[in-house]
Amino acid sequence: MTTVAPGIDRIPADPSLITLGYQHEHPVQPFEFEDTLEVWSVTARIGADVLAEELSATTDIDQEALDAVEDLMVGRMSFVRVRMYGSDHPFEAMDSHTGDVARIGEVVLDVAAGEWSETFEAALEHPVGDLLIMDHVVLEPAWRGFGLGPVLAGSAIRRLSEGCVAVVCEPGSADGRELSDAQHREASVKLGRVWETVGFVPFQAGVHVLDCHLQRPQDLLAERREGFRALCSAWRANHGH
């Protein structure tokens, strides 16, 4: 059964207009660890042209106001892909990026060998492929509380995880705030439950794993998308569309 979050009138615009944009840059001639580590930035937004077209069709807004419409940011995400079978040592590549990514590497890798740890390998259905790290997912305040995080992250994972054995994350603060140890533990538990709705399960040391070779994450994403469609329908009904 799908439920729609209360307070839907607070959503800034029709959620069905949200698009995800992906950005990854690399030099043709790689240096350092750029053949092993790929950093992907993903933005969730409603483009100014799309928003202006929607406003023009549904309101009496004048042309001057339409010309002033700007992109509406919904959120941003960061993913790191670790290519496991290249010339670089995967942990050294992860350690060169951030402490958070290195910490995940310490959990899922045999650091000395540069291979999967025995426990991580045993937890996977088919432990052959690259690793995708969901580094952070942050929604703009106005878009929080409506279940958008899982459907946006799940949709991005579907695009970015081809050829990966698993997606991993370390749930923490959802908005980058500095937290006390107690607050961090509370946020980790809460976000862990959120990410379980797209297929992540607890592994070790606060790291959660989504096995790319299981059917369950696909089924869960389908459920989140059904909830998203209900949210969009409710928003349009609430605004007389």
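User: Is F120 buried or exposed?
Analyst: F120 is buried in this predicted model. Its relative accessible area is 0%. Buried means under 20%, so F120 qualifies.

User: Which ring does F120 meet edge-to-face?
Analyst: That is F203. The two ring centres are 5.4 Å apart, and the planes stand at 75°. An angle over 60 degrees counts as edge-to-face, so the pair gets that label.

User: Where do F120 and F203 lie?
Analyst: F120 lies in helix α5. F203 lies in strand β8, residues 201–204. They are 83 residues apart in sequence, so the pair ties together those distant parts of the chain.

User: How many aromatic pairs does a search of the whole structure find?
Analyst: The search finds 2. One of them is W116 with F120. That pair is tilted, with 5.2 Å from centre to centre and 55° between the planes.

User: And W116, buried or exposed?
Analyst: W116 counts as buried, at 8% relative accessibility.

User: Which residues form the aromatic cluster?
Analyst: W116, F120 and F203 form one cluster. F120 takes part in the tilted pair with W116 and in the edge-to-face pair with F203.

User: New topic. What else is in helix α5?
Analyst: E121 is there too. The helix covers residues 118–123. E121 is partly exposed, with a relative accessible area of 39%.

User: Which surface patch is E121 in?
Analyst: E121 belongs to a negative patch. The other members are D110, E115 and E118.

User: Now charges that pair up. How many salt bridges are there in the whole structure?
Analyst: The search finds 10. R45 and D71 make one of them, at 3.0 Å from N to O.

User: Which parts does the R45 and D71 pair tie together?
Analyst: R45 lies in strand β2, residues 37–46. D71 sits in the loop between α2 and β3. The two parts are 26 residues apart in sequence, so the salt bridge ties them together.

User: How accessible are R45 and D71?
Analyst: R45 is partly exposed, at 30% relative accessible area. D71 is partly exposed as well, at 42%.

User: What does E140 form a salt bridge with?
Analyst: Its partner is R76. The closest N and O atoms are 4.0 Å apart. E140 lies in the loop between β6 and α6, and R76 lies in strand β3. Those parts are 64 residues apart in sequence, so this pair ties them together.

User: How accessible are E140 and R76?
Analyst: Both are partly exposed. E140 has a relative accessible area of 29%, and R76 has 41%.

User: What about E170, which residue does its side chain meet?
Analyst: The side chain of E170 meets R103 in a salt bridge, at 3.4 Å from N to O. E170 lies in the loop between β7 and α7. R103 lies in helix α4, residues 99–108. They are 67 residues apart in sequence, so the pair ties together those two parts.

User: What are the accessible areas of E170 and R103?
Analyst: E170 is partly exposed, with a relative accessible area of 27%. R103 is partly exposed, with 37%.

User: Last one. Which residues do shared partners join into one network?
Analyst: E38, R81, R83 and D130. Salt bridges that share partners join these residues.

How values were computed
Residues are numbered from 1 along each chain as its sequence is written. This is a predicted model: local features need pLDDT of at least 70, side-chain atom pairs count only at pLDDT 80 or more; totals for chains, interfaces and linings use all residues. Side-chain values use heavy atoms; hydrogens and water are left out. Patches are made of residues with over 30% relative accessible area and no salt bridge: like charges are joined within 9 Å, nonpolar side chains (Val, Leu, Ile, Met, Phe, Trp, Tyr) within 5 Å. Accessible areas come from the Shrake-Rupley method with a 1.4 Å probe; for residues, only the protein chains shown count as cover. Lys and Arg count as positive and Asp and Glu as negative; His and the chain ends are not counted. The place of a charge is taken as NZ of Lys, CZ of Arg, CG of Asp or CD of Glu. Helices (H or I, at least four residues) and strands (E, at least two) are DSSP runs, numbered from the N terminus. Buried means under 20% relative accessible area, exposed over 50%, partly exposed in between (1.4 Å probe, protein chains only). Rings of Phe, Tyr and Trp (its six-membered ring) pair if their centres lie within 6.5 Å; planes under 30 degrees apart count as stacked, over 60 as edge-to-face and the rest as tilted.
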